[in-house]
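Q: I should like to learn how to read burial, strand pairing and salt bridges in a structural model. Where should the reading begin?

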Amino acid sequence: MSKILATIPRPVEGTWQTSMKRAIRSSTALCGVLEIDPRLACPAAEADFPVFAPLEFVQKMEIGNSRDPLFLQVTAGLEELSDENRAHSTRDAVGDKAAERSPGLLQKYDRRVLMIATGACAVHCRYCFRRHYPYSAVPPGRQAWENSMDLIAADESLDEVILSGGDPLTLADESLAWLIDRIASIRHIRRVRIHTRVPVVIPGRICAALLDWVVRCRLPLYFVLHFNHVHEIDAATRTALAELRRAGATLLNQSVLLAGVNDSFEAQRELCLALVDHQVLPYYLHQLDLVQGALHFQVSDARARQLHAQLQAHLPGYAVPKLVREEPGCRSKTSLA
Ligand SMILES: *Cc1c(COP(=O)(O)O)cnc(C)c1O
Ligand code: SF4
């Protein structure tokens, strides 16, 4: 640990906005602070999806380990430009364009509508299916949100609003409090859900101003977090989880099955057990969405089912996530086990 602290710049005390500003923004710089061979960096893969890794997340990586499971999730490596990756041209793997009800508002399933509240994230995950989403086409800010709220208010078949992105917790608390208040004022809406990876990568984002709107929210508030590996849970993250729970939120986790990162029984078992230790219920284990540039993370369905069966054989039922894949045009995530 002391070696890690010696090499990686310490995240400064201060706001989460400072953490965003100081994030590492290239695979070359990331290899530099981790003392990993810079020839493993691939700047050419970063043009359409830059590297972005906050220091709080980088601090959880092991110095000198080019196979570190956290490093592999965020570094741009040569595999992204492999022939197989280049040949794969699907840029909208999950059918988001077809599900758009209005700019920034997606509905694929009954009752639930998903709002792309922002295109920004607090980390760039190389396997992400949204790496090719045309965020710049989403009108930013209040006018688009007002339109979405009007549409939700007029549709009584909806009872849940999911704030997603991007990562909604990269928005200012003032904006989030406004959105939550507006959603809670719609009579037929019964639950609010927030999909976020922020507590994993900048745990300090769970600040007093955020907890204030969480506590005040009139509706049950679900946070669906995104941990992929047990090393992502450190003391600061544990504190963030405890504060969200204390503020009344229900915590779930979704992760993605990733070759070389968490595709072993031990990795899955340790993650699931650590999550339930912190009262976060494993919700989904996703099979990778096949997007260009991410195929090297793919795990076969046979292997995924085998891992899932092992988890079921050894863990309490509530500690085992559902193994799913997202398929365009389906009425729910597709269960694989
Ligand atoms: C995944 C997803 C949801 C949420 O589905 P649940 O099974 O309820 O978690 C909702 N809307 C969209 C567009 C989604 O992709
Ligand atoms: S935080 Fe979520 S939306 Fe953002 S890049 Fe990572 S997986 Fe994708």
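A: One cut-off comes at the start: a residue counts as exposed when its relative accessible area is over 50%, and as buried when that area is under 20%. The model shown here is predicted. Arg331, with a relative accessible area of 61%, is therefore exposed.

Q: Which residue meets Arg331 in a salt bridge?

A: Side chains of opposite charge can pair when their charged atoms come close. Here the partner of Arg331 is Asp110, at 2.9 Å from N to O. Asp110 lies in the loop between β2 and β3 and Arg331 in the loop between β9 and β10, so the salt bridge ties together parts 221 residues apart in sequence. Asp110 is partly exposed, at 47%.

Q: Are Glu80 and Arg126 buried or exposed?

A: Both Glu80 and Arg126 are buried. Their side chains form a salt bridge at 2.8 Å, N to O. Because Glu80 sits in the loop between α5 and α6 and Arg126 in the loop between β3 and α7, the pair joins parts that are 46 residues apart in sequence.

Q: How should strand β5 be read, and with which strands does β5 pair?

A: In a regular strand the side chains alternate between the two faces of the sheet. Strand β5 covers residues 191–195, and four of its five residues are buried. β5 pairs in the parallel sense with β4 over four bridges, and the chain passes from β4 through helix α8 to β5 in a right-handed β-α-β crossover. β5 also pairs in the parallel sense with β6, over four bridges; Val192 stands opposite Leu221 there.

Terms used:
Residues are numbered from 1 along each chain as its sequence is written. Chains are lettered from A and ligands numbered from 1 in the order in which they are written. This is a predicted model: local features need pLDDT of at least 70, side-chain atom pairs count only at pLDDT 80 or more; totals for chains, interfaces and linings use all residues. Side-chain values use heavy atoms; hydrogens and water are left out. Buried means under 20% relative accessible area, exposed over 50%, partly exposed in between (1.4 Å probe, protein chains only). Helices (H or I, at least four residues) and strands (E, at least two) are DSSP runs, numbered from the N terminus. Two strands pair if DSSP finds at least two bridges between them. A crossover is right-handed if, with the strands pointing away from the viewer, the path from the first strand over the helix to the second runs clockwise. A salt bridge is a side-chain nitrogen of Lys or Arg within 4 Å of a carboxyl oxygen of Asp or Glu.
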